[in-house]
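Please load the structure in your viewer and keep the selection panel at hand. The tour below proceeds by selections, each followed by a description of what is found there.

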Amino acid sequence: MTSIYEALSAKLKGAKCSRCAGRGMVDDAEPGDIGFRTSACGACRGSGFAGAFESWVRKASLKELLDVLHVTPEVSDQIEMKNACALIIEVQAMDSGRRECIRAAFRHGPLLDGDVPSKAARDTLLDEGYMTKVVVGGNDGYNACTHKGAWAYRLLEAGA
Ligand SMILES: [Zn+2]
């Protein structure tokens, strides 16, 4: 059995930003320099984490998630704002099974029935419109991300 500590250690392996070695800061020092300037690392935006891990440790703000959906209070109407917030709320409440299914379908889909990470989660995603059954090369048994599913994927990657 894997302890929580072991699971965390495995997750953190390679989590360090390669550009700043996890410091979150970079400097312009060259060998022989007397002084140098430091600034926030551009690759990890100062977090010290490689991209995929940053979203795992840090919850994104509502503004960041609305940005992912290209919705802003200034230019979007009430219906767009309402739909965007409803999607964000639904995605934030997703369990790990549904999250894994969306990631797998987005990155590697269409997926054969046998290749979806969880059949139960896939069925829920079909009902909710994040995934759909498709035919590939005459074979009915494939599952793919819908456009709604693709937006959900982008929200998940942004830290939803
Ligand atoms: Zn960095």
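Helices, as the term is used here, are DSSP runs of H or I with at least four residues, numbered from the N terminus. The model on display is predicted.

Begin by selecting residues 119-128, which constitute helix 6. Directly after helix 6 comes G129, a residue with a positive phi, near 85°.

Within helix 6, highlight A121, R122 and L125, its buried residues. Turn the view until it looks down the axis of helix 6: the buried residues fall within an arc of 100°, so they line one face of the helix. Next, select A120 and D127; these exposed residues sit on the face of helix 6 that is turned away from the buried side.

What covers the buried residues of helix 6? Display helix 5 (96-108), strand 4 (131-136), strand 5 (139-145) and helix 7 (147-157), which are included in that cover.

Now turn to the sheet. Three strands make up an open sheet with antiparallel pairing, and their order is 3-5-4. Strand 3 (111-112) and strand 4 occupy the edges, each with a single partner strand, so one side of each has no neighbour in the sheet.

Zoom in on strand 4 and strand 5, whose antiparallel pairing extends over five bridges. Select V134 together with Y142 of strand 5: the two residues stand opposite each other.

Finally, bring helix 5 back into view. Helix 5 lies across strand 3, strand 4 and strand 5, and the angle at which it runs to strand 5 is about 105°.

Conventions. Residues numbered from 1 in each chain as written. Predicted model: local features only at pLDDT ≥ 70, side-chain atom pairs only at ≥ 80, totals over all residues. Buried ≥ 20, exposed ≤ 12 C-beta atoms within 10 Å, placed from the backbone. Arc of directions from axis to C-beta. Contact = placed C-beta atoms within 7 Å. Pairing = 2+ DSSP bridges. Axes fitted to C-alpha atoms, helices over the stretch in contact; angles between N-to-C directions.
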